[in-house]
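Here's a quick tour of one protein model, written for someone who would rather poke at pockets than read a long preamble. Have a look at the sequence and the fold first.

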Amino acid sequence: MTAAGPGRAAPAAGSPSSDGGGRTVLAVDGGNSKTDVALVREDGTVLATGRGPGFLPQSAGVAAAIDVIGQTVRQALAGGGQHVRLPALHDGRPDGLPEGEGDREYGLPYADHVAAYVAGADLPIEEERLSDELLARGYGRTATVGNDTFALLRAGASAPWGVAVVCGAGINAVGVAPSGQVARFPSLGRLSGDWGGGHHLGEEALWHAVRAEDGRGPATALTDAVLACFGTATVEDAVIRLHLGEESLDRLHDLVPPLLATATDGDAVAMSVVKRMAEEVAVLGIVAMRRTGLLGEPCEVVLGGGVLTAGHPLLMSLIERGYTERAPLAKLVVADVPPIVGAALLGLDRLGAPADAAERVRAHFLVSPPARDLVSPPARE
């Protein structure tokens, strides 16, 4: 589908200041495994940061997901501006608190504007529900909620437009043209035509290992990889442990590194899975470029998510080949700052902050060399 802009924004409500130091943005990067927050002043000064557990509105509910944001912000403020990290929580709600409990401990709103770019905001109705809950809680005077791909794009691209492809637990992409035209995908898994991401790759590795062990499929070294990963005598034993809940399904992510290693060693079955993953990363970005009119001109494609930022040479070389063959003007880059920076920059854009504010935010979070071109060795056939 094509939307008019990145995320669902609540109507503007004036421009109050924050304790005389200028307006503020509460930036939120919410993923399946963690939620990062940053309180940023309009001049780009980062006042506080924090990390909490995963942002899971589709499984835990909207209210519980917003509770994670509130608790993480409060812990960050209590830390006096130092980065704090909250432990994973058992029920999707911080410390088992009732909905919204604890929000009165600190003055509301937390910021003039909330810029939340999160997993689970895949459809306009989902963005609207999350935005409504943020505003009902009083976390900000205005709020914009969008998918986390927008934050990745803003964090990694040198301009406010381009294409971003994320491959973490799942897979998604977004394209933004200089005109503001947006191309995005529902990203609801196989229901919406998606293939790939860490969870899916783990499932594929296990699927092939099961069939190799019981004779329904060709032999593959993925069988040994599964046995080593789960410490079981047979692949079937690993499947039963997962089925009975004796092993978390999150353990499937642990099969991604051995899958890539097995493919690099020349295993044909593993290689077929990795090639399919590379093809999906390429086709998502290329389609986003085509739908935004960027395919025939130089365009940055920002790659993010744990599967891609790990930088495995085989996977990356296959991805690079896919773009070179069908989108030769694309420039593949990996962001040198985390997606929370993109959320902060989008929030500052909303406030009309000066350009040097963006540089100040980037400098605060910069932990590696500037965004780099992907230069990888040739892929093995």
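What follows goes from the overall fold to the empty spaces and then to a handful of individual residues.

**Overall picture and confidence**

First, a caveat: this is a predicted model. The mean pLDDT of the protein is 87, and 83% of its residues reach 70 or more. Two stretches deserve a wary eye. Residues 1-5 stay under 50 in pLDDT, with 18 contacts in the model beyond four places in sequence. Residues 84-104 are also below 50, and that stretch has 49 contacts beyond near neighbours in sequence.

As for the fold, the protein has 13 helices and 14 strands. Of its 381 residues, 53% are buried. Take the contacts with a separation of 6 or more: 71% of them join residues 24 or more positions apart. On the outside, the protein exposes about 16000 Å², and 53% of that comes from carbon and sulfur atoms.

**The pocket**

How much space lies in the largest pocket? It comes to about 1500 Å³. The lining counts 48 residues, and those closest to the pocket's centre are G31, N32, G168, A169 and G170. Several elements give two or more residues to this lining: the helices α1 (57-60), α4 (148-156), α5 (198-214) and α10 (306-309), plus the strands β10 (171-176) and β12 (299-304). In terms of chemistry, the pocket lining is a mix, with 17 nonpolar, 21 polar and 10 charged residues.

**The cavities**

Closed-off space is another matter. The structure holds two cavities of 30 Å³ or more. About 50 Å³ of space lies in the largest cavity. The elements giving two or more residues to its lining are β4 (35-41) and α2 (62-78). The residues around the largest cavity are L26, V37, A38, L39, A48, V73, A76, L77 and Y110. Which classes do they fall into? The lining has nine nonpolar residues, with no polar and no charged ones.

**Some buried residues**

Now for a few single residues. The table gives their relative accessibility; the cut-off to keep in mind is that buried means under 20%.

| Residue | Relative accessibility | Class |
|---|---|---|
| D336 | 13% | buried |
| S187 | 15% | buried |
| L314 | 6% | buried |
| D122 | 6% | buried |
| Y139 | 0% | buried |

Two of these are aspartates in loops. D336 sits in the loop between β13 (330-334) and α12 (339-351). Why does D336 count as buried? Because its relative accessibility is 13%, and the cut-off for buried is under 20%. Along the chain D336 and G156 are 180 residues apart, yet their C-alpha atoms are separated by 6.9 Å. D122 belongs to the loop between β7 (111-118) and α3 (124-137). With a relative accessibility of 6%, D122 counts as buried too. From D122 to T149 the C-alpha distance is 9.8 Å, with their positions 27 residues apart in sequence counted as separation.

Y139 comes at the other end of α3, in the loop between that helix and β8 (140-147). Its relative accessibility is 0%, so Y139 counts as buried. Y139 and I66 are 73 residues apart in sequence, and their C-alpha atoms lie 9.8 Å apart in space.

L314 is a helical case, found in α11 (residues 313-326). L314 counts as buried because its relative accessibility is 6%. The C-alpha atoms of L314 and A263 are separated by 8.2 Å, with the two residues 51 apart along the chain.

Last up is a backbone oddity. Most residues other than glycine have a negative phi. S187 is not a glycine, but its phi is positive, at about 55 degrees. Where does S187 lie? Its place is in the loop between β11 (182-184) and α5. S187 is buried as well, since its relative accessibility is 15%.

Methods: Residues numbered from 1 in each chain as written. Predicted model: local features only at pLDDT ≥ 70, side-chain atom pairs only at ≥ 80, totals over all residues. Heavy atoms only, no water. 1 Å grid on protein atoms, 1.4 Å probe; cavity = no way out; pocket = protein on both sides within 12 Å on 5 of 7 lines; lining within 4 Å. Points joined across faces, edges and corners; volume = space filled by probe spheres on them. Helix = DSSP H or I, 4+ residues; strand = E, 2+ residues; numbered from the N terminus. Nonpolar A, V, L, I, M, F, W, Y, C, P; charged D, E, K, R; others polar. pLDDT = per-residue confidence, 0-100. Contact = heavy atoms within 4.5 Å. Buried < 20%, exposed > 50% of the residue type's maximum accessible area, 1.4 Å probe, protein only. Areas by Shrake-Rupley, 256 points an atom, 1.4 Å probe, with all protein chains shown as cover.
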